[in-house]
Amino acid sequence: MAKIAIMGFGTVGSGVYEIMRKNASGISRKASADIDIKYILDIRDFSSHPENQLFTKSFDDILNDSEVEVVVEVMGGLHPAYEFTKAALEAGKSVVTSNKELVATYGSELLKIAEDNNINYMFEASVGGGIPIIRPLHQCLAANEINQIIGILNGTTNYILTQMIRAGKSFEEALADAQAKGYAERNPAADVEGHDACRKIAILSSLASGKHVDYNEILTEGITGITLEDVHYADSLGYVIKLIGFSDIQADGRVFARVCPMLVQKSSPLAGVEDVFNAIMVKGDSIGEVMFYGRGAGKLPTASAVVADVIDCVKHINKSKHIMWTKTAENFMISADDVYVSYFVRATTDKAFVKNQIPEAEFVSCDGNETVFVTPRDKEGSLNGKLAKIGGVLSKIRILEE
Ligand code: HSE
């Protein structure tokens with residue numbers, strides 16, 4: 001019998017409990033051992049819960065109980081999740097988490113502690129909710145050099161953009177709709193400003209490159225500046241606008257990563273990913289392209305990934321799976337200025353002046369109020385310099401080259 005503890009009985013924690021109870025026999029069969037919940041840690045009162053005897057408010061109950069071999073950390077936030085995770089790992093307990101903030105910030109340290117203690121720190125649910133992506137990257141695709149990852153990693157923004165594209169709602173209307181449906185928080189900044197997707201692409205980039213990719217160094221733009229005019233022009237050109245987490249892993253091991261809205265060709269499989277769904281396209285040197293698609297958030301989808309990690313931990317008691325990334329030297333990240341892009345641009349400047357600065361620009365519309373054009377591919381730094389000279393830029397959105 002393997003005993004586990006769940007830290008945090010919010011949406012994901014209660015989902016883990018529900019799946020553990022609902023699918024108990026199948027889970028035990030797949031783990032080759034019975035797995036039971038010994039503690040649930042939460043500071044709130046759950047005295048009316050049918051299994052109220054499981055609840056504790058003291059982390060020490062879990063830490064000091066040698067029967068507990070796997071701890072599920074679904075508290076969210078950095079503190080005290082970091083301190084609890086570190087202590088549990090140092091005490092020889094494997095830890096499973098959905099906490100992307102913690103993995104993106106302290107992943108290399110916590111993975112090293114797990115490795116040193118011959119146990120595991122697993123985080124399948126931290127990216128893409130229920131979609132398998134962490135295990136495929138370090139296991140199923142292990143024979144490949146991973147060259148590129150392109151993902152729709154945030155369900156809330158994908159829902160908002162889908163509403164703008166499909167229903168013609170403004171950003172503000174679509175956001176209010178997402179809040180009414182419970183997808184977006186009352187303070188939606190983490191989603192709409194791209195921070196959530198940034199943590200997720202940092203984790204995927206770290207895993208794929210084997211080096212810690214600091215999310216502070218990932219250029220991140222959200223979708224708050226996207227207008228219905230942008231959406232309509234994109235449509236007329238054969239594109240949809242998606243918030244994309246992008247990572248390019250070079251042959252020398254250096255990484256370029258960013259999060260920003262991009263024009264995605266309608267023929268791309270990523271263009272058909274709508275509503276709250278997520279998708280992650282991975283390019284490997286041997287497999288080519290492979291895409292992972294599904295529910296990137298929500299109670300049971302996320303909990304299903306957590307429970308799968310619990311099963312894996314139970315199958316690997318005292319056996320490290322050697323998931324690692326290491327600290328990086330300075331200048332590890334490639335500067336955006338040196339990366340080739342093309343932009344879709346709307347500006348108030350007249351066509352002749354645009355043509356003077358960017359002779360190869362392809363003009364889409366020049367109705368007197370706005371000049372709309374697509375730039376040739378060039379180094380981003382150079383294009384930004386030219387666009388600064390042109391001035392009057394209302395929007396500039398990168399075009400995804402696949
Ligand atoms: N707020 C996140 C999203 C939840 O919308 O995708 C999952 O990390």
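**Close-up 1. Strand 7 meets strand 9 in the predicted model.** Here strand 7 (residues 146–152) runs antiparallel to strand 9, with four bridges joining the pair. If you want a spot to zoom in on, try Ile150, whose bridge partner in strand 9 is Phe246.

**Close-up 2. Strand 9 and its burial.** Strand 9 covers residues 239–249, and ten of its eleven residues are buried, so the rest of the structure largely encloses this strand. Buried here means under 20% relative accessible area.

**Close-up 3. The hairpin of strand 9 and strand 10.** Strand 10 (residues 255–265) pairs with strand 9 in the antiparallel sense, this time over eleven bridges. Look for Asp248, which sits opposite Phe256 in strand 10. Five residues lie between the two strands of the hairpin, where Gly253 takes a positive phi near 90°.

**Close-up 4. An open sheet of six strands.** Pairing in this sheet is parallel, and the strand order reads 3-2-1-4-5-6. Strand 3 (55–56) and strand 6 (121–122) take the edges; each has a single partner strand, so one side of each has no neighbour in the sheet. At the strand 6 end, strand 5 (residues 94–97) pairs with strand 6 in parallel over two bridges, and Val96 has Met122 in strand 6 as its bridge partner.

**Close-up 5. Helix 4 across the strands.** Helix 4 (residues 81–90) lies across strand 1 (2–7), strand 2 (35–41), strand 4 (68–73), strand 5 and strand 6. Relative to strand 5, helix 4 runs at about 150°.

Note on methods:
Residues numbered from 1 in each chain as written. Predicted model: local features only at pLDDT ≥ 70, side-chain atom pairs only at ≥ 80, totals over all residues. Heavy atoms only, no water. Buried < 20%, exposed > 50% of the residue type's maximum accessible area, 1.4 Å probe, protein only. Pairing = 2+ DSSP bridges. Contact = heavy atoms within 4.5 Å. Axes fitted to C-alpha atoms, helices over the stretch in contact; angles between N-to-C directions.
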